Amino acid sequence: MINLKINTNQNIYNIKCKEGEMLKDILKNENINFIFPCGANGRCGNCKIKVLKGIEQPTNLDKMKLSKYELEDGIRLACCIYLKHNMEIYLNEITEYNFLDL
Ligand code: FES
């Protein structure tokens, strides 16, 4: 079992996951509102999250879509993350109150 801690601008979630689960599926199953502008297809580069603990090397898509500074700062594309070990991340959870500020 893998422990995933998700810090958002609204809440903190502690979730038990299986190895190999995709972050995008976990967010959907947990009803955490996060926008995948291109439908989580790896095309837009806008599903940015920050890995606080348990960071992996960037994927090829991360390298194509994110700046060197973002990569060094722990930013990754949420739609490209498979859970391999315990991880802590930060993301901007969308609510009806902050949706218009995007
Ligand atoms: S949702 Fe578009 S790259 Fe992840």
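Two strands count as paired if DSSP finds at least two bridges between them. Keep that in mind as you work through this predicted model.

## Exercise 1: Find partners across the sheet

**Task.** Which residue in E5 does Leu4 stand opposite, and how do strands E1 and E5 run?

**Solution.**
- Step 1. Look across from Leu4: the residue opposite in E5 is Met87.
- Step 2. Move along to Asn7, whose bridge partner in E5 is Tyr90.
- Step 3. Go on to Thr8, which has Leu91 of E5 opposite.
- Step 4. Now take the strands as a whole. E1 covers residues 2-8, E5 covers residues 87-91, and five bridges join them in a parallel arrangement.

## Exercise 2: Turn to the other neighbour of E1

**Task.** How many bridges join E1 to E2, and how many residues does the hairpin between them use?

**Solution.**
- Step 1. Count the bridges: E1 and E2 share six, and the two strands run antiparallel.
- Step 2. Pick out pairs. Ile6 faces Tyr13 of E2, while Asn7 faces Ile12 of E2.
- Step 3. Follow the chain from E1 to E2: the hairpin passes through three residues.
- Step 4. Put Asn7 together: this residue has Ile12 opposite in E2 and Tyr90 as its bridge partner in E5.

## Exercise 3: Lay out the sheet

**Task.** In what order do the five strands lie, and which are the edge strands?

**Solution.**
- Step 1. Write down the order, E2-E1-E5-E3-E4; this is an open sheet with mixed pairing.
- Step 2. Look for strands that pair on one side only: these are E2 (12-17) and E4 (75-77), the edge strands.
- Step 3. Check the turn between neighbouring strands, which averages 35° when direction is ignored.
- Step 4. See where the mixture comes from. E1 and E5 are parallel, whereas E3 and E5 pair in the antiparallel sense, over three bridges. One of the E3 residues to look at is Lys50, with Tyr90 as its bridge partner in E5.

## Exercise 4: Compare two faces and two residues

**Task.** Which residues of E5 lie on its covered face and which on its uncovered face? Is Lys53 buried or exposed?

**Solution.**
- Step 1. Recall a general point: side chains in a regular strand alternate between the two faces of the sheet.
- Step 2. Sort E5. Met87, Ile89 and Leu91 are on the covered face, and Glu88 and Tyr90 are on the uncovered one.
- Step 3. Locate Lys53 in strand E3, residues 48-53. Setting aside neighbours up to four places away in sequence, Lys53 touches Met87 and Glu88.
- Step 4. Apply the cut-off: 12 or fewer C-beta neighbours within 10 Å means exposed. Lys53 has 11, so Lys53 counts as exposed.
- Step 5. Try Cys17, which sits in strand E2. Cys17 has 19 other C-beta atoms within 10 Å and is therefore partly exposed.
- Step 6. Widen the view to the whole of E2: among its six residues, the number buried is zero.

## Exercise 5: Explore the core

**Task.** Which residues touch the most other members of the largest nonpolar core, and what does Leu4 touch?

**Solution.**
- Step 1. Begin with the general tendency: in soluble globular proteins, nonpolar side chains tend to be buried together.
- Step 2. Among the 16 core residues, those touching the most other members are Leu4, Leu23, Cys47, Ala78, Cys79, Ile89 and Leu91.
- Step 3. Ask where core residues come from: E1, helix H1 (23-29) and E5 each supply at least two.
- Step 4. List the contacts of Leu4 beyond four places in sequence: Ile15, Cys17, Ile26, Leu83 and Met87.
- Step 5. Do likewise for Cys17, which touches Ile2, Leu4, Ile26 and Leu83.

## Exercise 6: Step back to the whole chain

**Task.** How many helices and strands does the protein chain have, and why is it called as compact as a globular protein of that length?

**Solution.**
- Step 1. Count three helices and five strands.
- Step 2. Read them along the sequence: β-β-α-β-α-α-β-β.
- Step 3. The radius of gyration is 13 Å, close to the 13 Å from the globule rule for 102 residues, so the chain is as compact as a globular protein of that length.
- Step 4. Add the share of buried residues, 19% of the 102.
- Step 5. Finish with contacts at a separation of 6 or more: residues 24 or more positions apart account for 63% of them.

Conventions: Residues numbered from 1 in each chain as written. Predicted model: local features only at pLDDT ≥ 70, side-chain atom pairs only at ≥ 80, totals over all residues. Helix = DSSP H or I, 4+ residues; strand = E, 2+ residues; numbered from the N terminus. Axes fitted to C-alpha atoms, helices over the stretch in contact; angles between N-to-C directions. Core = buried A, V, L, I, M, F, W, Y, C linked by C-beta atoms within 7 Å. Buried ≥ 20, exposed ≤ 12 C-beta atoms within 10 Å, placed from the backbone. Contact = placed C-beta atoms within 7 Å. Rg over C-alpha atoms; globule rule 2.2 N^0.38 Å.
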